[in-house]
Amino acid sequence: MARVHLDRSDTAWLARAGQYHPRLLAAALALNDNDLPRAEPLLREHLREDPFDVAAIRMFAELAGRIGRYRDAENLLRRALELSPAFTPARANLALVLYRQNRAEEALQELDRVIAEDPDNPGHANLQAAAYGRTGDFDEALALYPRVLEQAPAQPRVWMSYGHMLKTVGRQAEGIAAYRRAIDFAPALGEAWWSLANLKTVRFDDADLAAIRAGLARDDIAPDDRFHLDFALGKALEDRGEAEAAFAHYAAGNALRRQSLDYDADETTAFVDQLIALATPEFFAARAGQGFTASDPVFILGMPRAGSTLVEQILASHSAVEGTSELPDIPILARRDKAYPAGLPGLSAHDLADLGEEYLRRTRIQRKTERPLFIDKLPNNWAHTVFIALILPNARIIDARRHPLGCCFSNFKQHFARGQGFSYALEDMGRYYRDYVRLMDHLDRVMPGRVHRVIYEDMVEHTEREVRALLDHCNLPFEEACLAFHRTERAVRTASSEQVRQPIYREGTSGWQPFSPWLDPLRAALGPALEHWRGASDQR
């Protein structure tokens, strides 16, 4: 959620409502300074005295949103709107909370009312554009940005959001111009610099490097700007062949980002242990014929930065397959059960069919064509392969895999907009990759042939052979367009968006090698997966 700024609209609203209170003002100022330990007791005390103060309820929702408790924030905002349906700032916050819970449709519904009540606020249209992007309605999103920027031309984050949308639909030159415009207004806006670097096609000149270093030299920038600048400078130095200096900035950016995360590698290992223990041949045999029978979905999963976007682009070039994006629905459905994965054996045949049907219903909004198959490319769904196999027994499952050093280092030098908490330390990364390979190898043994593996290095060296095998797994006839995938025009939201708009990208097979001297912690954490990472493909 956006930070509270009591010296602006909230002060006026409180004054008009006659609800101005020194404790509330102190809480809002603490929120504005991100001093959550001070804000929380002030708000609790105030709400004990006046549980119907909608401004305080909204601020408490703000606090919940800051720590990622979006469901709590949603409940608080709905309570505020129940008490005061005309409290438009709370409704705007509710739209944002819904958006951050990947409920873009619901966010758009709230925004329709917000914009009707407050039509001159460009922030509302900016969120509306982002929500349209989330639902795949890119034309609607792009139509909004010129209007927003006409009203608020000096807003760097709006220019940056516009750049993200232009990049997604392949309008790279315009996207670069939008990112540059954001930097003109905010020279130390780290995310804008990183967004340029993350295109993988932009090469920074000496003036750019000087500007990034000037930002890093400042002592008044936020940690978010600092680690983005470190990642951007690391990429710029890597492009110049300065591996040691590049690694130092990648390491600095990762270390700073890691401080704000609570990722625990032991929890991932324990989760995989649970799945391996329950996913026996007998377990699957007892559930044969259950689940929802639809064969529409094609799941592409595995490690991030392992070639999943390439596989998606190849398949989406086929006339029978629609590419969508990284859909959040499988993790949401799987983790609805607080005991997951231990609760999987308790799901009835009716439960499994209902879950599969709900998945198809939830993802319908992402489908814009009548093509019979659609792709769900969320790499981290590897952890939910058992769940997918149970609820959608006829879905295709593709495991995109890449050499562990190349894959893991590519993650280490990549800052992700959200998620991927394992990727900010080499030790965490190695353990995550090892657990991923361990689970997928187990599933190869207990449900052989269910998952088709695509090795990135093999796809690079033997493209037609691998494309034909991929299409065979999906029961699709060969089409030449799948070999000319880089000519397929479609929106691509991931970090590989520009790479898959070019012919096969070979640099990914060796890009880690200049950094080899600093990867020993990764090698140690990978353990046996360093040598035996191909799984069943080792037999080829």
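Colleague: How many helices and strands does the protein have?
Modeller: Bear in mind that this is a predicted model, where local features need pLDDT of at least 70, side-chain atom pairs count only at pLDDT 80 or more, and totals for chains, interfaces and linings use all residues. Residues are numbered from 1 along each chain as its sequence is written, and side-chain values use heavy atoms, leaving out hydrogens and water. Helices (H or I, at least four residues) and strands (E, at least two) are DSSP runs, numbered from the N terminus. On that basis, the protein has 26 helices and five strands.

Colleague: What radius of gyration does the protein have?
Modeller: The radius is taken over C-alpha atoms, and the globule rule is 2.2 Å times the number of residues to the power 0.38. With 540 residues, a compact globule would come out near 24 Å, and the protein agrees, at 24 Å.

Colleague: What share of the residues in the protein is buried?
Modeller: Buried means under 20% relative accessible area (1.4 Å probe, protein chains only). Out of 540 residues, the buried ones make up 56%.

Colleague: Which helix gives the most to the largest nonpolar core?
Modeller: A nonpolar core is a set of buried Ala, Val, Leu, Ile, Met, Phe, Trp, Tyr and Cys residues joined through side-chain atoms within 4.5 Å. The largest has 110 residues, and Phe 204, Phe 284, Val 386 and Tyr 433 touch the most other members. With 10 residues, spanning 426-446 as a helix, the top contributor is α23.

Colleague: Which residues does the second, separate core include?
Modeller: This core has 38 residues. Among them are Leu 47, Ala 61, Ala 104 and Leu 127.

Terms used:
Buried means under 20% relative accessible area, exposed over 50%, partly exposed in between (1.4 Å probe, protein chains only).
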